[in-house]
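Here's a quick briefing for anyone meeting this structure for the first time. Take a look at the sequence and the model, then read on.

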Amino acid sequence: MIKAKRGTKDILPCDILTWQTVESRARELFQNANYKEIRTPIFEDTALFKRGVGDSTDIVNKEMYTFTVGSNEDSITLRPENTAGVVRSYIEHNMERFSFPVKLWYFGPMFRYERPQAGRQRQFHQIGLEMFGISNPAADAEVIILACEFLKANGIKDLTVSLNSLGCPNCRNMYKEKIKKVLTPYLDNLCDDCKIRYQKNPLRMLDCKNEDCKKIFENKDVKNVVTEDFICPDCREHFEEVKKYLSCACVNFEIDKMLVRGLDYYTRTVFEIKSNSLGSQNAILGGGRYDGLVEMLGGKPAPAVGFALGVERLVSLIEKTEDKKLDYFVVTKFPEIGIKTVTMLRKKGFSADFDMQSRKFAKQLEKAAKIALFALIIDENELEGKFYTLKNLQTGEQTKVYDIENAN
Ligand code: HAM
């Protein structure tokens with residue numbers, strides 16, 4: 001038997017209503033905040049992610065589904081995230097000619113070749129939003145507040161909002177050099193990935209999950225440098241304002257100096273929201289500011305900020321939305337009557353179904369009781385008398401209805 005590939009999951013009919021509820025809450029909340037939905041392709045030019053997400057990241061180095069196609073051997077990649085794709089689309093369609101800021105949101109599948117475990121899949125879904133054109137810290141705060149509001153709208157409590165500032169390229173480069181310097185004596189003991197990160201992007205080392213590396217970062221001399229307040233006065237002022245706006249909106253947060261995020265495009269504010277009810281994969285959502293990405297991908301410079309949320313992780317935390325019962329189940333032994341009646345009911349906006357196998361009445365009523373609010377019984381007696389029997393399946397009460405148009 002052919003089964004779903006490891007790390008992928010069917011979203012079955014019994015769960016789909018919960019997914020639809022989450023999606024409609026996102027649509028409502030984000031549209032109310034003036035974000036427009038965008039749908040970009042699931043695959044993009046591989047170069048977009050190499051340049052956009054960054055070639056010192058695990059995502060680009062180990063996790064991309066990349067293949068070549070066609071006679072010209074085009075290299076394409078299934079999107080591992082959607083910020084790069086949205087930026088590509090923003091540039092390609094000159095969205096800056098629309099009124100600023102450009103505010104976009106999305107929902108869709110992403111693909112990362114990771115080791116599957118609870119809360120981690122190879123095909124997973126993200127809901128996210130991106131805002132272009134505003135360098136003011138109010139934009140960072142709006143995005144974080146919307147993330148919190150969305151989680152609240154889904155009944156999620158028990159959250160920790162972690163916040164950090166990665167500074168701008170100027171102050172960060174000095175910080176990177178300091179990290180490199182303090183870690184030089186430990187180089188031989190770092191994992192192989194960190195040895196590469198040491199060369200390519202020393203900041204990335206702070207995100208390492210290897211236990212030996214984590215111990216090294218806990219050493220006092222290293223920790224002193226890692227947790228040092230390295231950001232320049234402008235970046236500090238920006239960060240202070242973000243914190244101030246969040247406090248105004250009553251968003252509680254904690255500062256996490258080790259928060260560097262797994263993607264290379266961030267500048268200044270980065271954040272993650274974790275749920276204490278999830279296991280080891282406890283980040284529901286992550287994001288930050290990426291002021292250099294639009295220019296780096298060939299657009300006119302534009303500041304930007306956004307986040308993405310893992311839908312599977314969110315769905316695992318929320319109460320299941322129960323399936324709604326049908327309005328009517330038409331109970332009849334005559335298929336032509338069944339077809340005619342359900343078509344008429346559906347046209348009038350009711351949900352309705354009938355038994356196409358013309359089974360015994362008892363069987364049909366048993367099914368009706370499971371899936372509908374009312375049974376509409378139409379058999380010989382009814383046909384002869386030109387009436388219908390309407391049975392309330394909750395109370396068992398039966399009434400004769402002569403005018404089906406008013407049977408509600
Ligand atoms: P990210 O932190 O890589 O950020 O992913 C965001 C969220 O997607 C995570 O917090 C997690 O809930 C979910 N997620 C990631 N990988 C998996 C996986 N393998 N299985 C299940 N869920 C997963 C980004 O993707 C950035 N594009 C966010 C962003 C938008 N930054 C600025 N704008």
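How do the residues of the shell around the ligand divide into nonpolar, polar and charged? The split is 11 nonpolar, nine polar and seven charged. Keep in mind that this is a predicted model. The notes below start with the ligand, then move on to some strands and two loop residues.

**Around the ligand**

- The shell around the ligand has 27 residues, and those that come nearest are Glu81, Thr83, Glu114, Glu130 and Tyr266.
- Glutamate 114 has an N or O atom in its side chain sitting 2.6 Å from a nitrogen atom of the ligand.
- With arginine 261, it's an oxygen atom of the ligand that lies 2.9 Å from an N or O atom of the side chain.
- Tyrosine 265 joins in too, with a polar side-chain atom 2.9 Å from a nitrogen atom of the ligand.
- On its own the ligand would expose 650 Å², and the protein buries 95% of that.
- Three elements give two or more residues each to the shell around the ligand: strand 6, strand 10 (283–289) and strand 11 (304–310).
- Strand 10 supplies the largest share of that shell, with six residues.

**Strand 5 and its partners**

- Is strand 5 (residues 102–111) mostly enclosed or mostly open, and why? Buried here means under 20% relative accessible area, and nine of the 10 residues of strand 5 are buried, so the strand is largely enclosed by the rest of the structure.
- On the parallel side of things, strand 1 (residues 36–37) is joined to strand 5 by two bridges.
- Across that pairing, tryptophan 105 in strand 5 stands opposite glutamate 37.
- Strand 5 also pairs with strand 6 (residues 123–132), this time in the antiparallel sense and over 10 bridges.
- Leucine 104 has glutamate 130 in strand 6 as its bridge partner, and Glu130 is also among the residues that come nearest to the ligand.

**A hairpin**

- Strand 3 (residues 65–69) and strand 4 (residues 74–78) run antiparallel, with five bridges between them.
- One of the pairings links phenylalanine 67 with isoleucine 76 in strand 4.
- Four residues lie between the strands of this hairpin, where glycine 70 takes a positive phi near 75 degrees.

**Asparagine 201**

- You'll find asparagine 201 in the loop between helix 7 (192–200) and helix 8 (211–218).
- Even in a loop, asparagine 201 counts as buried, because its relative accessibility is 10% and the cut-off is under 20%.
- Its side chain makes a polar contact of 3.1 Å with the side chain of aspartate 264.
- Leaving out residues up to four places away in sequence, asparagine 201 touches Ser56, Lys176 and Asp264.

**Leucine 259**

- Leucine 259 sits in the loop between strand 8 (254–255) and strand 9 (269–275).
- Leucine 259 has 5% relative accessibility, so this residue counts as buried.
- Which residues does leucine 259 contact, leaving aside neighbours within four places in sequence? They are Ser162, Leu163, Asn164, Leu166, Val270, Phe271 and Glu272.
- Arginine 97, on the other hand, is 162 residues from leucine 259 in sequence and 35 Å from it in space, C-alpha to C-alpha.

Key:
Residues are numbered from 1 along each chain as its sequence is written. This is a predicted model: local features need pLDDT of at least 70, side-chain atom pairs count only at pLDDT 80 or more; totals for chains, interfaces and linings use all residues. Side-chain values use heavy atoms; hydrogens and water are left out. Buried means under 20% relative accessible area, exposed over 50%, partly exposed in between (1.4 Å probe, protein chains only). Two strands pair if DSSP finds at least two bridges between them. A residue is near a molecule or strand if one of its heavy atoms lies within 4 Å of it. A polar contact is a pair of N or O atoms within 3.5 Å; within protein, one must be able to donate a hydrogen and the other to accept it, and residues adjacent in sequence count only if both atoms are side-chain atoms. Accessible areas come from the Shrake-Rupley method with a 1.4 Å probe; for residues, only the protein chains shown count as cover. Ala, Val, Leu, Ile, Met, Phe, Trp, Tyr, Cys and Pro count as nonpolar, Asp, Glu, Lys and Arg as charged, and the others, Gly among them, as polar. Contact means heavy atoms within 4.5 Å.
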